[in-house]
Structures are given as structure tokens and as C-alpha cells.
Amino acid sequence: MNALERLEKLLDKEQFEKIKAIDNPELHEFLAEWIEWLEPSKVFVCTDSEEDEWYVRWKALYYGEEKMLETPNHTVHYDNYYDQARDKANTKLLVSGGKSLPFLNTIDREEGLKEIRELMKGVMRGKELFVCFFVLGPKNSVFTIPAVQLTDSAYVAHSEFILYRKGYEEFKRLGRSARFFRFVHSAGELDERKTSKNLGKRRIYIDLEGETVYSVNTQYGGNTIGLKKLAFRLTIQRAVREGWLSEHMFLMRVNGPNGRKTYFTGAYPSMCGKTSTAMIPWENIVGDDLAFIVPMNGIARGANVEKGVFGIIQGVNPEDDPIIWQVLHSPVEIIFSNVLVKDGKPYWNDMGTEIPDDGENHSGQWWRGKKDEESNEIPPSHKNARFTVSLEHFPNVDMDALEAPCGVEVGGMIFGGRDKDTWPPVREAFDWKHGIVTMGAALESETTAATLGKEGVRAFNPMAILDFMSVHIGDYLRNYLEFEGKLRKAPKIFAVNYFLRNKEGNWLNHKIDKAVWLKWMELRVHGDVDAIETPIGYIPKYEDLARLSREVLNKDYTRDDYEKQFTIRVPELLAKIERIEKIYREIGNIPEELFEVLAQERERLLKAREKYGDYISPFQLEKV
Ligand SMILES: Nc1nc2c(ncn2[C@@H]2O[C@H](COP(=O)(O)OP(=O)(O)OP(=O)(O)O)[C@@H](O)[C@H]2O)c(=O)[nH]1
Ligand SMILES: O=C([O-])CC(=O)C(=O)O
Ligand SMILES: [Mn+2]
């Protein structure tokens, strides 16, 4: 029997017709094989119709994976108490022969496939399977990658409708020529709260060869939403093979003088400020998490992979995040996950308003002071609680840029992480290579609640992408370094650090100060302001930041604050070079240029130390 004939037996007529309309035997074979294997009691195929999207929304409520909140179109979803973040330990790349890759969790492909297939055999008995079609990137563009998602979680399917562009018509249009990604997910057995039960058997296995990702016994979005971080492993592999960039980056427009529009990407690790930067009210957001950057006629052009936000809700308050706050309080479609709910209203940590003393949250029935099995006090919402909403609802979205089939010209690329003591708040690289090596490849950041495990540990995290890396880091960096050769005009590279602290542990700047640094970077892209040359790149002059601070925030900026923030910390910077060099030396297969650039930076720092000492005031360097 061929695949279509098997599908005709497996699906009811209406669903079968939807599949039959796509002329792609490879897709048919994949669907027949997996539907037979998963054994769902029912299959629903989603086309691009409003009606099918409504069906999925309704099913999320019907099966109890989401509950309605008081505000129309708002729902809440809970993940298991121990399933609230990405599970790095059980996320593995399937690699033939089990070849190891530095820093990456790999498993022999055959062994991994066997294990995951066994875990998934019959896993959907008694459940409904949703077959969904989406695309990564804007539709009908050079960025577009079609993908099919199989899931028994209406919550996961619902989230994808909010976050990605629909792809059923695209599959029909492409027919046999579609080079598509595949995602197979099952939440597994659910408990009475409709959360995944068998967390011991939670697995996320990425088959790079088959461009397929399997995920089982988990619901948390970072482990399950196929087109998000699961697809990301596959797009990194494609990008490195094909000579473009697939990155963990926001994409935003910074508005310069006289209506000038300059687009920036920014790579910061999870929970390190991408969303909050891209949401600065007077600038414009294009994307907050994933970007594709492609060389086009010598210009680096960027696009958002997604069309929605799966954003961190903790700390969203009316002062710091007025736009997100406004959207979260309007009756647009939103899924809140792992927040506190009382009388149909959602609450979260540090929201700046009063939070009730009891309700339902990610731990079940909750009251203030409740402790978990490890005797930790449970806060109202989980640190990694999130909201899921489409970008079209944001008043600050740059819709033209979001839908542009050729993307937008990237003027600047920013790298940053959680670093309490080494990097200044903002600096510009001397050139592409200097930036890619000392800012991107040398990125370190303290771990956060976005992954299971200990927080606050300084960790090597090149390009903020290590959690999602799927190729040898040396090949990835080589692709980056060679990318410049494809451009007539390379974007300027910058590094930021929002997380500097003083000895007492207090922040050296306010959350909104990044708005000033963005304006400075915009001016630098166009050569509109001078800067101070330091051993680690160009930093802003005090006068420029003081003027911008006045203009942008209507705030005075003191020379003292500037000096504290922009002091060049030679011992910390040298120690960092040591650490980074050691890591890359041990890996092997690293472009030699990386070591040259690091050695030059060390030389500059040593020279400066001889002249000025360990801690160099920016005012001293300005005088030169
Ligand atoms: N101290 C300080 N904290 C900040 C600043 N900007 C953002 N944060 C904190 O960073 C955390 C969230 O960052 P987001 O912008 O949501 O993270 P993201 O990079 O989009 O993360 P993912 O969605 O996980 O990839 C929140 O806890 C914020 O309060 C800042 O300028 N200073
Ligand atoms: O993927 C997720 O779980 C959410 C996210 O953006 C990240 O962790 O970087
Ligand atoms: Mn992310």
C-alpha cells in the first residue's frame, strides 16, 4: 500500500482530503509512518483557515490544557512544576556514529532514534493528533522554510498559530519541491492538572540528518514548540552549510535623527534582555528572539523567523515595560503560562501592583509561604513564566519590516550577556573580525532560570547560542568570519553589558539606560559622533551620552556614573581572554584568526596597563 492509501485508512474523509491536496509523497510517507506509530484515536489536519485555527483554540480549552481568564481571548496554561524550562540534559543531537561535538550533547543516531521511537510507540492512544503546517521567516521569501508539526498538545499547536506564519498553502504551492522540517511531539501521559507526568522519560532528540525533531513527555514551550528552539538547531546547520546566519537575536529599528531608520540585531542569552531591548517604546520591534541574516547584493539583510513573542513575564510592570503591559491588559489573544491566577485574573512576580495571597499557579493551589518538595518557598509565578502573543498587537511593531520578503538592511549587530564585572555598558568593535571574536565568540553570561539547573554561574556562551548549537563551534565561527567577504558593507559590531554591579552588588545602571546606548550606536553606524579608542574598542564620550540621556530620557547623567561604568577593567579583561583562549585551544578546529585577534587584544591591554594601571578611567584615554 502506498502512503496515501494508508493515510486514507487512518484519517476520516475530510482530514484526508486536506492532506491529499498537498502533492508531496515524502510528506505523505512521513505522516503515514508516524500516525501508525503514535496511534492517536483521532487526527485533525490544520489548513490556513480561520476555522481550523479556532478548532485548535477550542480544543486547548476542551482538553483542559488551557483555561479561560476573565479578559476575552486570554487563557492560562500550566506546565508540570518540574517542567518549567528547557531541559538541556535530555536534549540531544543525533549524530551518526555518536561522534562528539565540543560542548554539545550528542547521542549515536541509530541508538537515539531507537530510544525515542520506543518512547513514542502508541503514546497518543486515546488522544487527538494535530497536524499543523507553518513557515519560518516571512512567506514567499528567500527566508521561508516550511515545517510540519505533529503534536497531541492543543496548547503547543495553539502557541504555534500565535507565533508563526501559517504554511498549509505554502506546502500546497511548493508540492514536491518543499525542503521541509518535521517535528513530532507528544506531551505523553498527563496528570489531573493536564501537565506532563513522565518527566523521567522526557526527551528532546534532534535528528540533524533527517531535519526532524522529536520531543516527548514535556510541555514547556522551549522543549516542545517545534518552530522555536527545536527548528533553531536545524536552521543553524543549514546556515553554516549555505553561508548565511541563523541567530538567537532580536531585530529592531532604532530611530535616528531626521526620520532615519537603522536596524539592529542583538544576541543575548535567554533571559538577558532581548525582549526588553526590542520593546523600548519609542523604537520599533521587528522580532525578539530569532533572526535570519542573509547576504543579498552585498548587504546583510535580516528577518524575524517568527511573528509573535514567547516572552518572560516576570518583572513586566507599567513603568519599565509600558507597551508589553498595555498589550497584556488588552483583549487580544494571549496565552499566559505558569502565572498566578485568582478570580480569572493573571498575576506575576514583580508586576509592580499588589498580588493576592493565594490562587492557582505553576505549583497547583498556592498560598503565600507555600514550600515545594525541596523546601524552597514558591513565588506567585515561576521565574520563567511567559506570555505568548502575536506581534501585530504591539503598537510599536514595524509591520513592513516584519513582512518584508527581502528583510531589512542590518546596520549593527550587538552582543551581550549577564556580566557583573568585566565589560563596559557599550562599545564598538574596531572591525568585523574584532567584533566577531572578542564580542561574539568570547561571550560569557551567568546562567538563568530559562534552563533547568543552577542560576548565576558564569558560563561560556558564544553568540548567546551555545544551548542551541548543532555544528562544531569552529565551523560556526568560520562561517561568521567568512560572512564578511560576502558583503560590500558589513554591519558594525557592538557589545553591551546591562548587568554591571559594584562591589556591594548593586547595579551600575538603570534598566532604561540601554535606550541611550542604542541611540549612540545608531549614530555610530552613520559616523555621526566621535568615540574614545580603548584597548577593547571604541566607547562613547561622556558629552555624547550626557546629551543623549537628556534628549531620550530627560535625565541628567553624571560624570561620576560615566566613569564608574566605562572604566576599562584590565585585570578582569585579561582574565577573560585567558579563559576564552583556553577553551578554544582545547576544542581544536578553531580558525587561527581567533587566536590572533585575542592575542592582539591582550597586547593592547598590557600596554595600556603599563601606562595607566589596572583600572583606566575613560577620561584618561580621552586625553590621548
Ligand atoms: N538589571 C537589569 N536587568 C534587565 C535589564 N534588561 C532586562 N533585564 C532583565 O532581564 C530579564 C528578561 O529579559 P528578556 O528581555 O525577557 O529576555 P530575552 O533575552 O528576551 O530572553 P529569552 O526569551 O529567554 O530568549 C528580566 O528579568 C529583566 O528584568 C537591564 O537593563 N538591567
Ligand atoms: O526557548 C525558550 O524556552 C524561550 C527562549 O526564548 C529561550 O529560552 O531562549
Ligand atoms: Mn530565546
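**Exercise 1. Into which domains is the protein divided, and how many residues does each give to the contact?**

Step 1. The protein, a predicted model, is divided into domain 1 (3-63 + 83-242) and domain 2 (419-622), with bounds that come from an automatic or database domain assignment. Residues are numbered from 1 along each chain as its sequence is written, and local features need pLDDT of at least 70.

Step 2. The C-alpha centres of domain 1 and domain 2 lie 38 Å apart.

Step 3. Contact requires C-beta atoms, placed from the backbone, within 7 Å; it takes 17 residues from domain 1 and 16 residues from domain 2. On the side of domain 1 that touches domain 2, α9 gives the most, with six residues, where helices are DSSP runs (H or I, at least four residues) and strands are E runs of at least two, numbered from the N terminus.

**Exercise 2. Name the buried residues of helix α17 and say where they lie on the helix.**

Step 1. A residue is buried if 20 or more other C-beta atoms lie within 10 Å of its own; in α17 (residues 559-566) these are Y562, Q565 and F566.

Step 2. Seen down the axis, they fall within an arc of 80° (taken from the directions from the helix axis to the C-beta atoms), so they line one face of α17. An α-helix has 3.6 residues a turn, so residues three or four places apart point the same way.

Step 3. Their cover includes β31 (537-539), α16 (542-553) and α20 (618-622).

Notes. Chains lettered and ligands numbered in written order. Predicted model: local features only at pLDDT ≥ 70, side-chain atom pairs only at ≥ 80, totals over all residues. Buried ≥ 20, exposed ≤ 12 C-beta atoms within 10 Å, placed from the backbone. Contact = placed C-beta atoms within 7 Å.
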